[in-house]
Amino acid sequence: MQTILVQFKCRPGRAYGVADALVEAIEEVSEVHSTSGHYDLIAKFYLPDDQDIGHFVTERLQTLDGVADTFTTVAFKAFGRG
């Protein structure tokens, strides 16, 4: 399983609509948060090992209505309490 975090810049007034679309249309999404700063949203996705991250982001996420830009981070290891 691959974990990626994607930050979204949304067109003005569209952040909540993009968040709703992520939750409703993208089955690989784990969670979506609104954020302050340069990006409006950050979302965590779990992808199968054989899924191409580039195609997933460019074809499924960047094409959502209201998305202006994305920034993707690949997570290597999760740390936390058992």
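Two strands count as paired when DSSP finds at least two bridges between them. Keep that in mind as you open this predicted model.

**Stop 1: the sheet**

Select strand β1 (residues 2–10) together with β4 (residues 67–75). These two strands pair in the antiparallel sense over eight bridges. Within that pairing, Gln7 stands opposite Phe71 in β4, so keep Phe71 highlighted for later.

Now widen the selection to β2 (29–34) and β3 (41–47). What is the order of the four strands in the open sheet? Reading across, you get β2-β3-β1-β4, with antiparallel pairing. The edges belong to β2 and β4, each of which pairs on one side only. Ignoring direction, neighbouring strands of this sheet are turned by 20° against each other on average. As a reminder, strands of a sheet pair through backbone hydrogen bonds, either parallel or antiparallel.

**Stop 2: the helices on the sheet**

Add helix α1 (residues 15–25). This helix packs on the sheet and touches β1, β2, β3 and β4. Its direction makes about 15° with that of β3.

Next, bring in α2 (residues 53–61). Helix α2 also packs on the sheet, touching β1, β3 and β4, and its direction makes about 35° with that of β1.

**Stop 3: the aromatic pairs**

Show the side chains of the aromatic residues. How many aromatic pairs are there? The count comes to two.

For one of them, select Tyr39 and Phe71. The ring centres lie 6.2 Å apart with the planes at 45°, so this pair is tilted; the tilted class covers angles that are neither under 30 degrees nor over 60. Tyr39 sits in the loop between β2 and β3, while Phe71 belongs to strand β4, so the pair ties together parts that are 32 residues apart in sequence. Turn on the surface to compare the two: Tyr39 is buried, with a relative accessible area of 14%, whereas Phe71 is partly exposed at 43%.

Then move to Phe45 and Phe56. Their pair is edge-to-face, with 5.5 Å centre to centre and 70° between the planes. Phe45 is in strand β3 and Phe56 in helix α2, so look for a link between distant parts of the chain, 11 residues apart. Are these two rings buried or exposed? Both Phe45 and Phe56 are buried.

**Stop 4: lysines over rings**

Go back to Tyr39 and add Lys9. Lys9 lies over the face of Tyr39, at 5.2 Å from the ring centre.

Finish your tour by selecting Lys77 and Phe79. Here Lys77 lies over the face of Phe79, at 5.3 Å from the ring centre.

Terms used: Residues numbered from 1 in each chain as written. Predicted model: local features only at pLDDT ≥ 70, side-chain atom pairs only at ≥ 80, totals over all residues. Heavy atoms only, no water. Phe/Tyr/Trp six-rings, centres within 6.5 Å; stacked < 30°, edge-to-face > 60°. Buried < 20%, exposed > 50% of the residue type's maximum accessible area, 1.4 Å probe, protein only. Lys NZ or Arg CZ within 6 Å of the ring centre and 35° of its normal. Axes fitted to C-alpha atoms, helices over the stretch in contact; angles between N-to-C directions. Contact = heavy atoms within 4.5 Å.
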